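Trainee: I would like to go through this model with you, starting with how far to trust each part of it.

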Amino acid sequence: MTTAAAPPRVPEAIHRRRWAILGTLVLALLVVVLDNSILNVAMKTIASPAPTGIGASQSDLEWAINSYTLVFAGLLFTAGLLGDRFGRKRALLAGMAVFGVASLLSSLAASPGELIGYRALMGVGGALAMPATLAIIMNVFERAEQPKAIGIWAGAVGLAIAIGPITGGVLIEHFWWGSVFLINVPIVIVALIAMVLLVPESKDPNPGRLDPVGVLLSIIGLVALIFGIIKGGELADFTSPEAWVPMLVGAAALAAFVWFERRTAHPALDVTWFRNRVFSASVAVVGVVFFALMGVSFFGVFYTQSVRGYSALQAGVLMLPLAVAQLLFAPRARLVVDRFGVRATCAGGMALIAVGFLGYLLLDTDTPIWVLVVLGLLMGSGMAHVMPPVTVAIMGSLPREKAGAGSAINNTFRQVGGSLGVAVLGAVLSTVYRDGIADKLDALPTEALREKAGESLEATLTVAGRLGPQGAGLVGPANDSFISAMHVVAGLSAGITVVGALLAWFLLPGRVPAAGPGAGPGGAGGQGGAPGTAQAGQAGPEQAADLAGKSRPAAPARA
């Protein structure tokens with residue numbers, strides 16, 4: 001058998017509109033990822049008393065963000081499985097519809113409790129939609145174009161994270177706080193219409209029986225783990241029972257999930273996929289990259305707004321270099337991979353990110369702001385050369401019919417990595433800051449005031465502002481303490497990113513990809529490849545060629 005005779009895997013009618021489909025998926029991706037970064041800008045307004053805001057407390061504000069994150073991360077894997085089983089287009093449409101309705105309800109929330117509940121509902125919609133976007137890409141693009149399409153997908157994620165503060169700043173300056181949610185509604189309506197008209201349906205033709213025990217264990221494990229991480233970040237203390245007990249429960253549930261999946265005849269997740277070092281290393285690198293991205297977003301905002309005095313909108317603009325670099329370089333990362341290989345490209349990208357973190361050690365209270373712009377460009381370029389190759393490695397290691405599960409795993413590790421970045425780096429930042437400012441707070445009149453002022457940079461500046469001339473002497477030491485804490489966190493982040501670079505260098509493949517779409521991580525003959533082998537007879541000779549590790553040229557009509 002020769003691969004030259006292999007028929008196209010994607011029908012011609014779908015192939016012709018593939019870029020329009022990708023644009024629709026990117027629109028869905030933007031609105032889901034954009035949401036949290038937009039909300040961060042509106043926090044101060046939402047905390048204001050009615051009618052300006054809804055009088056949310058600090059705890060209310062934290063849970064307005066965390067309720068979304070908790071539900072989103074907890075349901076990602078299950079949502080990917082549902083898409084594989086019942087149809088990815090159905091999952092995408094359902095997710096976007098739920099997200100749009102929940103956004104409208106959030107914009108009309110009359111109390112903090114309502115906002116938290118509606119945000120959790122938005123998390124359900126986001127979890128359904130997110131895995132479907134990447135899974136559909138794998139089913140509408142031929143192998144040769146998948147790296148470019150995934151590069152655009154990855155660039156859109158970075159863009160959404162960075163432009164969120166700008167969008168939120170513009171909306172808050174001109175409209176009421178609910179506009180940061182209401183803006184989602186027209187975008188969702190346009191996306192739904194385009195999805196109905198353009199996006200084809202796809203699913204796993206042989207999904208097997210349902211695995212309710214595995215699904216339940218995965219939800220319990222992910223929700224408990226993320227809850228513990230969030231709580232540890234809030235308390236800046238992971239030794240508190242409120243943090244480590246949920247994390248322990250989550251870890252135990254995930255361990256039980258792995259144990260059960262290895263023994264059941266119809267697993268929700270074939271855990272033998274993780275035997276492939278390329279697959280395992282790729283998902284680990286994804287987690288490290290988003291640990292870095294969310295970490296720099298976390299302390300970068302405090303640096304630009306609190307220390308340097310920029311407005312929320314100006315601070316958002318300063319995040320643009322990171323987004324622009326990702327948007328420019330992510331779709332072209334495949335060209336670097338073609339020349340230097342996956343290993344060198346990803347390790348080099350991680351090294352750039354690490355250098356960017358080390359560059360934060362140069363920042364002080366009066367450092368020229370162009371230095372921050374250069375660091376953003378450097379880190380964005382690094383991320384752009386990591387995310388597309390590792391995402392291609394993850395998705396290409398799995399049977400095409402399991403694209404939803406693969407996308408869910410990719411997104412789950414991304415979400416867990418991001419949550420850890422905010423929680424761990426936030427806890428370190430808070431601890432080092434408190435230690436640095438403690439001796440400067442002795443001049444405050446009461447113990448309660450000293451305790452309040454030591455919570456964070458923002459708390460110190462708030463107390464200083466209320467005390468008037470008496471508190472003016474706190475501003476300089478507070479900024480200096482924060483800069484010192486930021487340097488510690490940046491150094492820690494650089495070290496963790498170097499570990500990611502080593503993982504990429506030693507575990508990712510060189511110039512030869514591990515396996516094409518259609519082959520399981522274990523290879524055509526191993527247990528991990530069994531699902532792909534089972535599908536080969538249904539998919540035709542092209543799929544069998546993929547299982548043999550071969551590639552086919554593009555069909556003549558598409559040259």
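Mentor: Start with the term: pLDDT is the predictor's confidence in each residue, from 0 to 100. The model is predicted, and the mean pLDDT of the protein chain is 77.

Trainee: Which element has the lowest mean pLDDT, and which the highest?

Mentor: Over residues 512–559 the pLDDT is below 50, although this stretch has 96 contacts in the model beyond near neighbours in sequence. Helix α22 covers residues 530–539. Its mean of 33 is the lowest among the elements, while the highest, 92, belongs to residues 88–107, helix α4.

Trainee: How many residues are in the largest nonpolar core?

Mentor: Among the members that touch the most others are I46, F77 and Y360. Leaving aside neighbours within four places in sequence, F77 is in contact with residues including S218, F257 and T412. A second, separate core has 6 residues, W63 and I226 among them. For the largest core, the count is 131.

Trainee: Which element gives the most to the nonpolar surface patch?

Mentor: The patch is about 530 Å² and is made by L216, I220, W244, V245, L248 and V249. Two elements give two or more residues to it: α9 (212–235) and α10 (241–263). With 4 residues, the one that gives the most is α10.

Trainee: Is W244 buried or exposed, or in between?

Mentor: W244 lies in helix α10. Buried means under 20% relative accessible area and exposed over 50%. W244 has a value of 40%, so W244 is partly exposed.

Conventions
Residues numbered from 1 in each chain as written. Predicted model: local features only at pLDDT ≥ 70, side-chain atom pairs only at ≥ 80, totals over all residues. Heavy atoms only, no water. Core = buried A, V, L, I, M, F, W, Y, C linked by side-chain atoms within 4.5 Å. Buried < 20%, exposed > 50% of the residue type's maximum accessible area, 1.4 Å probe, protein only. Contact = heavy atoms within 4.5 Å. Patch = residues over 30% accessible without salt bridge, like charges linked within 9 Å, V, L, I, M, F, W, Y side chains within 5 Å. Areas by Shrake-Rupley, 256 points an atom, 1.4 Å probe, with all protein chains shown as cover. Salt bridge = Lys/Arg side-chain N within 4 Å of Asp/Glu carboxyl O.
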